[in-house]
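Here's a quick tour of a model you can rotate as you read. We'll begin with an annotated lysine, then look at the strands and finish with the overall build.

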Amino acid sequence: MTDFAATKAMFHIPDGMIYLDGNSLGPLPKAAPARVAKAMTEEWGEMLITGWNKAGWMAKATEVGDRVAKLIGAEAGHVVMGDTLSIKVYQALASALELRPERRVILSDSGNFPSDLYMAEGLIKSLGQGHELRIVAPEEVEENITEDVAVTLITEVDYRTGRLHDMKALTAKAHSVGALTIWDLAHTAGATDGKLSEARADFAVGCTYKYLNGGPGAPAFIYVAPQHANLVRPALSGWLGHDAPFAFDLSYRAGAGIERMRVGTPPILALASLEAALDAWATVDMSDLRTRSQELTQLFLEEVERRCPMLTLASPRDAAARGSQISFSFEQGYAAMQALIARGVIGDFRAPDIMRFGFTPLFIDEVDVLRACDVIEEVMTGKLWDKPEYHARAAVT
C-alpha cells in the first residue's frame, strides 16, 4: 500500500497554499535543488567535458526514459527523453505517416491540445502530399476511425475537462482498419495507471513538468512500440540519433531502436531535476495512485457542487471516465480563479470559461481538498471575484 503521507513530505508547498495546479506545473521536489547542485558543481564543475563519460551523461536520456516507462506502462528500452513535447509530436506523427504511405488522413478530436494540432498542420504543409487533419468531437472518434485513416493523434486526457479516452478500445479499432495510434500523455503520465503496452499503442509522447514534477521546461519523452522501433525513420535525423555519432559520418544512419528518436544534446541539468522527482515515485503503486485520485476528485466534485450551485461541472461525473482533474464552467471563471489564487488556492483557467483543478495524490490529501472547498465556497457565494484586479488578464492564465 502506497504511503501518500510519506510522498507528500517529499515536496515543497509554500505555507498556506493549497496547490491544485499540478496538471500544469508540478511543485518542487525537496531533493531537486541538491541533485541539480551536484550535477552543476561535482559533475559539470569538476568533470567538465569528461562528464559525458565519467558521470554517464550520454546514457541519461534512455536511463531516465526507462524510469518514465514504468509509470506509463511501457516496455523497458522503448522510451527516450529530450526536446519538447511539440517536437516529439512532430517526430511521432512524421514517422507514423511514413509507415502508412498510401493513406492521407490524420484523425484527431476537438478536445486535443491545440499545440498537437498546430504541429500536424505544419507537417502537412511541409509534406505537401495532400494529407488531411480531420477533427471530430471527442465522443465521435471511434466511429470516425475508418480505412482511410493513417494515424490517430489523440490526447488521452482532455486538457480542459479531464475526459478520459479509452486507449485500449480506440487502439484496437485503429488496428482493425490498419491505422496507427499516437497518444499524447501530457495529462496521463503520473496521473493515471498508464497501460501503453497492454493497449498495444504504437507511439506515445508526453511531458514531465506536470504530474511528474520535473520542473519548468523539463524534457519530453517519446515511446515507440517494439514492432516499430527498428522500422521508423526519424524525420528529425539529429546527430545523437545516429548509429555512431562519434564516427562523424557525413550521411545519416539511424541508431538502433529508440535511440534513433534522439535529436539534440540531452538537457543534463533538467534531467537531474527530473531524476530527483522520479525518486518520489519509487514506492508508489500506480493502481493505488489511480484509486486515490478518484477518491480525491470525487470528494472535491461533490463538495463544490453542494456548496456552489453557480458552478457547472465540465468534467465527466463518472470517476472512471476522467483523469486526475475536475473542471467547472463559470462565465466569470478567469476572475473567480484569480480570487482563489489570491487566497492561496491555486488552480488555473482555460478559455472560454473553464476553472481547472488538478489533483496529485503524491502531495494532495483530503484535508487539502476540504480546505480548498471552504475557500471556493467563500469566493463564489460572496462574489469576491467581482473586483477590477481579478478581471485584468495576465499573459499566462
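A word on the record first: UniProt positions are given in the numbering used here, feature names are shortened, and annotations may be inferred rather than shown by experiment. Under "modified residue: N6-(pyridoxal phosphate)lysine", an unreviewed UniProt entry lists Lys210.

Some ground rules. This is a predicted model, so local features need pLDDT of at least 70 and side-chain atom pairs count only at pLDDT 80 or more, while totals for chains, interfaces and linings use all residues. Residues are numbered from 1 along each chain as its sequence is written, and side-chain values use heavy atoms, with hydrogens and water left out.

**The lysine**

Where does Lys210 sit? Look in the loop between β9 (203–206) and β10 (221–224); helices (H or I, at least four residues) and strands (E, at least two) are DSSP runs, numbered from the N terminus. Lys210 has 11% relative accessibility and therefore counts as buried. Buried here means under 20% relative accessible area, exposed is over 50%, and partly exposed lies in between (1.4 Å probe, protein chains only). Leaving aside residues up to four places away in sequence, Lys210 touches Gly22, Asn23, Ser24, Leu25, Gly26, Ala186 and His187, where contact means heavy atoms within 4.5 Å.

**Strand β5 and its partners**

Strand β5 (residues 105–109) has 5 of its 5 residues buried, so the rest of the structure largely encloses it. Val105, Leu107 and Asp109 point one way, with Ile106 and Ser108 pointing the other. That fits a general pattern: in a regular strand the side chains alternate between the two faces of the sheet.

The table collects the pairings covered in this report; two strands pair if DSSP finds at least two bridges between them.

| Pair | Bridges | Direction |
|---|---|---|
| β5 and β6 (132–136) | 5 bridges | parallel |
| β5 and β7 (149–155) | 3 bridges | parallel |
| β14 and β15 (354–358) | 3 bridges | antiparallel |

Ile106 is a handy landmark: it stands opposite Leu133 in β6 and opposite Val151 in β7.

**A four-stranded sheet and its helix**

Further along there's an open sheet of 4 strands, ordered β11-β12-β15-β14 with antiparallel pairing. β11 (312–313) and β14 (348–350) are at the edges with a single partner strand each, so one side of each has no neighbour in the sheet. Phe349 has Met355 in β15 as its bridge partner. Helix α11 (residues 333–342) packs on this sheet and touches β14 and β15, its direction making about 40° with that of β15. For that angle, axes are lines fitted to C-alpha atoms, for helices over the stretch in contact, and angles run from 0 to 180 degrees between N-to-C directions.

How many residues of α11 are buried? It's 8 of the 10, so α11 is largely enclosed by the rest of the structure. Among them are Tyr334, Met337 and Leu340. The buried residues of α11 pack against β13 (345–346), β14, β15, α12 (366–381) and α13 (388–391). After α11 comes Gly344, with a positive phi near 90°.

**The whole chain**

The protein chain has 13 helices and 15 strands, and 55% of its 397 residues count as buried. Its C-alpha atoms fill a box of roughly 70 × 55 × 45 Å along the principal axes. The radius of gyration is 22 Å, which agrees with the value near 21 Å for a compact globule of 397 residues; it is taken over C-alpha atoms, and the globule rule is 2.2 Å times the number of residues to the power 0.38. Of contacts between residues at least 6 apart in sequence, 73% join residues at least 24 apart.
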